[in-house]
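Grab a pencil and work through a few exercises on the model below. Try each task yourself before you read its solution.

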Amino acid sequence: MIRVCCYKGCGVVYGEIEPLSDKKETHGLCPKHYEMSLKKLKSEMQNLWDKTGAFKVLVVEDSTLFRQLLKEKLREQFPSIGIYEARDGEEALQKVEAFRPDLIFMDIRLPEGNGLDLTKKIKAVHPNMIVTILTAYDLPEYREASQQYADYFFSKGSATSENILTLVQSILSTSG
Ligand SMILES: [Zn+2]
């Protein structure tokens, strides 16, 4: 199993992690760039928080367990955050229009539709919404599409972090 960091021009080979697919290579982030992405995301969240005193997060995820865990972790960091949830693509689009979230956590595999297509649609109308893809499937085609349309991409196999988004790790490790 080979993992190649796909952060712009990095190309570092890292980890000895079980493959998430039958592909020989996956394209996640090396520990350094994973850490960088988490820090950047956290600082964006902190900026929104400082600016408005409250921000709105939409969690698009069909797993109830995953949504609960993500909510709990977010609340620990930002107690009065507004958290909205959607279980499928249609509900996600409705909630985007109804609540105008600042930040969206987006699963890729949804019962109705695909998180990458959804991200594309949402970004076309609301380019300022921050979209973070969270997936258990670290596939090159997911990562490429994420880089094209979303702001962040985190996958199950990535390095750990003491950061707020240690949540990413803990959540994804329980979502199978
Ligand atoms: Zn790297």
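**Exercise 1.** Which residue caps the N-terminal end of helix 4?

*Solution.* Keep in mind that we're working with a predicted model. Start at the backbone nitrogen of Leu116 and look for a side-chain oxygen: one from Asn114 lies 2.6 Å away. That makes Asn114 the cap at the N-terminal end.

**Exercise 2.** Work out why the buried residues of helix 4 line one face of the helix.

*Solution.* First, list the buried residues in 115-125: Gly115, Leu116, Leu118, Thr119, Ile122 and Lys123. Buried here means under 20% relative accessible area, so Lys123 makes the list on that number. Next, look down the helix axis: the buried residues fall within an arc of 155 degrees, so they line one face. Finally, check the face turned away from that side, where you'll find the exposed residues Lys121, Ala124 and Val125.

**Exercise 3.** Find what the buried residues of helix 4 pack against.

*Solution.* Take the strands, then the helices. The strand partners are strand 4 (56-60), strand 6 (103-106) and strand 7 (130-135). The helix partners are helix 3 (89-99) and helix 5 (140-149).

**Exercise 4.** Put helix 4 in the context of the whole protein.

*Solution.* Count the elements: six helices and eight strands. Then read them along the sequence, which gives β-β-β-α-β-α-β-α-β-α-β-α-β-α. Now turn to burial: 49% of the 176 residues count as buried. Last, take the contacts between residues at least 6 apart in sequence; 62% of these join residues at least 24 apart.

Terms used. Residues numbered from 1 in each chain as written. Predicted model: local features only at pLDDT ≥ 70, side-chain atom pairs only at ≥ 80, totals over all residues. Heavy atoms only, no water. Buried < 20%, exposed > 50% of the residue type's maximum accessible area, 1.4 Å probe, protein only. Helix = DSSP H or I, 4+ residues; strand = E, 2+ residues; numbered from the N terminus. Arc of directions from axis to C-beta. Contact = heavy atoms within 4.5 Å. Polar contact = N/O pair within 3.5 Å; in protein donor to acceptor, adjacent residues only side chain to side chain.
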